[in-house]
Amino acid sequence: MSKYILLPIIFICSLAFCQKKIDPTPEHISLAKKLKTQFEDDDIIILNSKENIRFSLSKNDNKVKVTHHNNEELMNISSRADIQKYITYDGESSIEKFKILYRNKKEASFNIKDEAISDDNMFHHDARVKYTNIDFPVQGYKYYLESIKDTDDIKYFTSIYFTDQYHTLKKEIRFIIPDWLNIELKEMNFNGYEIIKKETHSEKTQARVVTYKIKNIKGMYDEKQTPGPSYLYPHILVLAKSFQAKDKTHKLFNETKDLYNWYKSLVDSMDEQPHELKDKVTELTKNASTDEEKIKNIYYWVQDNIRYIAFEDGIAGFKPDESQNVFKKRYGDCKGMANLTKQMLKLAGFDARLTWIGTKRIAYDYSTPSLSVDNHMICTLFKDGKKIFLDGTEKFNSFGEYAERIQGKQVLIENGDDYILAEVPINPAKKNKETYHFSAKITEDALSGNVSRTYDGESRASFLYYFNSLKNDKKKDAMTYYLNNDDKNLLVTDIKTSNLDNRDDLLSIDYSLVQKNSVSSFDDEIYIDLDYQKEFSEFEFEKRNTDYLFSHKKNFTSTINLEIPVGYKISETPSDIHVNTENYKIDVAFEQIGNVLTYKKTFILKNAILKTTDYEAWNKSIKALRSIYKEQLILIKA
């Protein structure tokens, strides 16, 4: 009988021994407590990270393969923590190893999942993620992460970042580059960081070794409306130029022409059947009296009738779909929509060309020959010596207007065996003028009167996009909801609008408004909450680390004209605000002429950005603005 009693005792002892091997040591707990005092907002710290990048030839010697080893040592510095670690890949790459180990280097039994990345805007793609959920039960608990990712073709291995999801105490990135491979390691955003670089060469392995080391680097910022990561974090662009195999030099992307040639080879391999579009082009142009009208009819038809759905699956992530396919399916990605626009315009007799571009999310231009330079495609129309850029994915942008995300960006335009570099024009904020005008008078406890609103440029396009995204049976209610923001104190009636199908002209909305619970009277005094909208009142940046990007440049003016009742005068008006900087302008002013008080606010965001260097002055202005919003207007007996 004793042998049956001993077995559980031995098992319990072995469990306790194993637990002891993975529980934090007193030294680990002490370190975690010390780190928590230094990084009080963090739960997880990467104590050490080592990444090795190696290159090899594929079996048939026509591609360079990249193998990326990653080893991380993670520690919980809070009482407990639960995190998710992941690694992404696609049709051009694979995950050879993804392991989580205890501190004793024994593999932890976490459930590793492998799934397609879900994206409602992505119709078809090959992006996948391997991930696991990790729990750190106590302070000082440690895990190791080991991963190996293979990229089958070096042209798709474009960059590597120093910054991780979590704060990293020590990081090393090492490239082992064989002599037969010609690559440039382009260092980006290194200013402000102490990054040590060391380069050696081994005659034995016939390779150069480039090692980068950095200490104490913050994790990526968890903030909205930020510039793209290529602007924010230190990283290395891996520019693969050429390689030697069997005494032959194979060109990769040594210069911009090589990148263009590869793009062109994809376009040349397409099976275009433009005759299938001919009847539709004829229908769209037959009654047009001018070239501009013909172009608009085609461009707007693509905007209105082709649903944009991203398509990223292997080579299809770079090669446009044939125009006849997009036309039949009535959906396509940016490349397919650009190609359809091009082919329809060509059938109508115009010079239209495919155009590659990186949106403002990307910090690079075409002086860097890499697939990381662009993420979008549009169409360029050559007309009367001018280049006009057409982006079918931008619903309700009018002909000649450009979305903020591409303004000022360099483009690569097809030109036979050559290419053309150009820039998308930058529109000033005044192009996006938006106005609100309320002529009000006091009616018992309310302000009532007529409101007129106008929208131009991207403010018009944004409104039309929102409004037309609603189902037809909800549009009448949606207009009221938009105007009163679902607030029962705002009664909106008699709505009249300009043609909401016209994206070329100024959009206007006129209506009657009763602003209830805005007026109260005590003895001989009337108290008025004049400003109900309170624009930008919550736009204060106290702990933000990055610039704030707006969807587009803004030029908004609000004017409230209040009729002062007979026998009353204004006790006092708040102080005006006048601020004008490189990136924004705020004006708030009160003026009385006769019996009408005019309260006017203007907000101009000149570059669609607030920089961190703006925040102190901006916050001061917003605080002054809020004090105006809180202050009641007092009327007293004259």
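This is a short walk through the predicted model shown above, from the whole chain down to a few single residues.

Hi everyone, thanks for coming. Let me begin with the overall picture. The protein chain has 638 residues, and 49% of them count as buried. Its C-alpha trace spans about 100 × 75 × 55 Å along the principal axes. As for secondary structure, the chain contains 11 helices and 37 strands. If you like contact maps, here is a number for you: among contacts with a separation of 6 or more, 72% join residues 24 or more positions apart.

Now to the interior. In soluble globular proteins, nonpolar side chains tend to be buried together. In this model the largest nonpolar core has 53 residues. Which of them touch the most other members? They are Phe463, Ile528, Leu530 and Trp618. Helix α11, residues 615-630, gives the most to this core, contributing six residues.

Let's stay with Ile528 for a moment. Setting aside neighbours within four places in sequence, Ile528 is in contact with Ile442, Leu447, Ser518, Val519, Leu562, Gln632, Leu633 and Leu635. Apart from that core lies another one, of 32 residues, and its members include Leu340, Ile357, Phe389 and Tyr402.

Two of the contacts of Ile528 are Leu447 and Ser518, and this pair has a story of its own. Leu447 sits in strand β25, residues 446-455. With a relative accessible area of 0%, Leu447 is buried. Leu447 and Ser518 are 71 residues apart along the chain, yet their C-alpha atoms are separated by 6.4 Å.

Next, a helix pair. Two packed helices are described by the angle between their axes and the distance between the axes. Please find α6, residues 291-305, and α8, residues 334-347: their axes come within 10 Å and cross at roughly 155 degrees. Angles over 145 degrees count as roughly antiparallel, so that is how α6 runs relative to α8. What is the handedness of the crossing of α6 and α8? It is right-handed. On the α6 side the contact is made by Ile295, Ile298, Trp301 and Val302, and on the α8 side by Met337, Leu340, Thr341, Met344 and Leu345. By class, that contact has eight nonpolar residues, one polar residue and no charged ones. You may recognise Leu340, which I listed a moment ago in the core of 32 residues.

Let me turn to a polar residue, Ser147, in strand β8, residues 142-151. Is Ser147 buried or exposed? It counts as buried, because its relative accessibility is 5%, and the cut-off for buried is under 20%. Leaving out neighbours within four places in sequence, Ser147 is in contact with His68, His69, Asn70, Ile87, Lys97 and Phe98.

Finally, some backbone angles for those of you who enjoy Ramachandran plots. Most residues other than glycine have a negative phi, and most peptide bonds are trans. Gln206 has a positive phi, near 50 degrees. Gln206 is found in the loop between β12 (195-202) and β13 (207-217), and at 38% relative accessibility it counts as partly exposed. Asp494 is not a glycine either, and its phi is positive too, at about 55 degrees. Where does Asp494 lie? It lies in strand β26, residues 490-497.

That's my tour; I'm happy to go back to any of these places on the screen.

Terms used: Residues numbered from 1 in each chain as written. Predicted model: local features only at pLDDT ≥ 70, side-chain atom pairs only at ≥ 80, totals over all residues. Heavy atoms only, no water. Axes fitted to C-alpha atoms, helices over the stretch in contact; angles between N-to-C directions. Helix = DSSP H or I, 4+ residues; strand = E, 2+ residues; numbered from the N terminus. Parallel < 35°, antiparallel > 145°, perpendicular 65-115°, else oblique. Left-handed = near helix turned anticlockwise from the far one by under 90°. Contact = heavy atoms within 4.5 Å. Nonpolar A, V, L, I, M, F, W, Y, C, P; charged D, E, K, R; others polar. Buried < 20%, exposed > 50% of the residue type's maximum accessible area, 1.4 Å probe, protein only. Core = buried A, V, L, I, M, F, W, Y, C linked by side-chain atoms within 4.5 Å.
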